[in-house]
Amino acid sequence: MNNIILCGFMGSGKTVVGRELAKIMGRRFVDTDELVEKKQGIPIKAIFEAYGEDRFRDLEHEVCAETAKLKNCIISTGGGAVTFDRNVEALKRGGKIVFLDTDFETICERIGTSTNRPLFQDREKAKALFDERQEKYARAADMSVDGNMSARKTALTISQMMK
Ligand code: S3P
């Protein structure tokens, strides 16, 4: 309970902002993607390749339900997590969801040429997914914050909003 859960598109800054926020607030940081990788013992890209997206989504759901039960943590979710009602329901029981609202241009700059995201291999397809998901993030979240600022500024803004 009382967790702060960060959601938003790939590259919106969830992990960096989450780490910064955890430092500022003196809380533990947890990343659902990292926990999924630990559960399966291989990187996310390899989970998609070997078992498919459905298997990844099931693992992600298990992890969301488990992390929601933690107390006073900063939880960074994978970009698809809150686009599924079952995850939103589980996460909302554990705390407040904050949407990192970051422009697609900023996201592309941050992701650069990295190829470890199975759903961000092609810029046009990623833009279509981004457009489709924006309203889902906004609907799932209790509050939104501008994710285009530096990680430090975004984290400070969230910590102020929580007071
Ligand atoms: C995904 C985002 C990724 C990871 C997986 C699927 C998505 O996390 O969970 O590749 O569906 O948007 P990040 O948002 O941390 O890149």
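**Strands, cores and one pocket**

Okay, let's start with one residue: Val 30 is buried, at 5% relative accessible area. Buried here means under 20% relative accessible area, exposed means over 50%, and partly exposed is in between, using a 1.4 Å probe and protein chains only.

Before I go on, this is a predicted model, where local features need pLDDT of at least 70, side-chain atom pairs count only at pLDDT 80 or more, and totals for chains, interfaces and linings use all residues. Residues are numbered from 1 along each chain as its sequence is written, and side-chain values use heavy atoms, with hydrogens and water left out.

Back to Val 30, which is in strand S2. When I say helix or strand, I mean DSSP runs numbered from the N terminus: H or I with at least four residues for helices, E with at least two for strands. What does Val 30 touch, leaving out residues up to four places away in sequence? The list is Leu 35, Thr 67, Leu 70, Cys 73, Ile 74, Ile 75 and Ser 76, where a contact means heavy atoms within 4.5 Å. Val 30 also sits 8.9 Å from Thr 15, C-alpha to C-alpha, with their positions 15 residues apart in sequence.

Now, the strands. Val 30 stands opposite Ile 75 in S3, and S2 (residues 28-31) runs parallel to S3, joined by four bridges. By the way, two strands pair if DSSP finds at least two bridges between them. S3 also pairs with S1, again in the parallel sense, over three bridges, and there Leu 6 has Ser 76 as its bridge partner. On its way through, S3 points Cys 73 and Ile 75 to one side and Ile 74 and Ser 76 to the other, and all of them are buried.

How much of S1 is buried? Five of its five residues. Asn 3, Ile 5 and Cys 7 point one way, with Ile 4 and Leu 6 pointing the other. S1 has another parallel partner in S4, with five bridges joining them, and Cys 7 stands opposite Phe 99 there.

Just ahead of S3 on the list of things to look at is Asn 72, in the loop between H4 and S3. Its phi is near 55 degrees, a positive value in a residue other than glycine. For background, most residues other than glycine have a negative phi. Asn 72 counts as partly exposed because its relative accessibility is 38%.

On to the packing. The largest nonpolar core has 25 residues, and Phe 9, Val 82, Ile 97, Phe 104 and Phe 120 have the most contacts inside it. A nonpolar core, for us, is a set of buried Ala, Val, Leu, Ile, Met, Phe, Trp, Tyr and Cys residues joined through side-chain atoms within 4.5 Å. Strands S1 (3-7), S3 (73-76) and S4 (95-101), and helices H5 (85-94), H6 (104-111) and H7 (123-140), each supply at least two residues of this core. H7 gives the largest share, five residues. There's also a second, separate core of 12 residues, with Leu 21, Ile 74, Val 98 and Ile 158 among them.

Zoom in on Phe 104: beyond its close sequence neighbours, up to four places away, it touches Phe 9, Phe 120, Arg 123, Ala 126, Lys 127 and Phe 130.

Another one to click on is Leu 119, in the loop between H6 and H7. Buried, exposed or in between? Leu 119 is partly exposed, since its relative accessible area is 27%. Its contacts, again skipping residues up to four places away, are Met 10, Phe 48, Glu 53, Arg 57, Ala 126, Leu 129 and Arg 133.

Last stop, the largest pocket. About 610 Å³ of space lies in it. A pocket, on a 1 Å grid over the protein atoms alone, is an open set of points where a 1.4 Å probe fits, with protein on both sides within 12 Å along at least five of seven lines, and lining residues have an atom within 4 Å of a point. Grid points are joined across faces, edges and corners, and the volume is the space filled by probe spheres set on them.

Which residues lie nearest the pocket centre? Met 10, Asp 33, Ile 44, Gly 78 and Arg 117, out of 29 lining it. Helices H1 (14-25), H2 (32-40), H3 (44-51) and H4 (53-67) each supply at least two lining residues.
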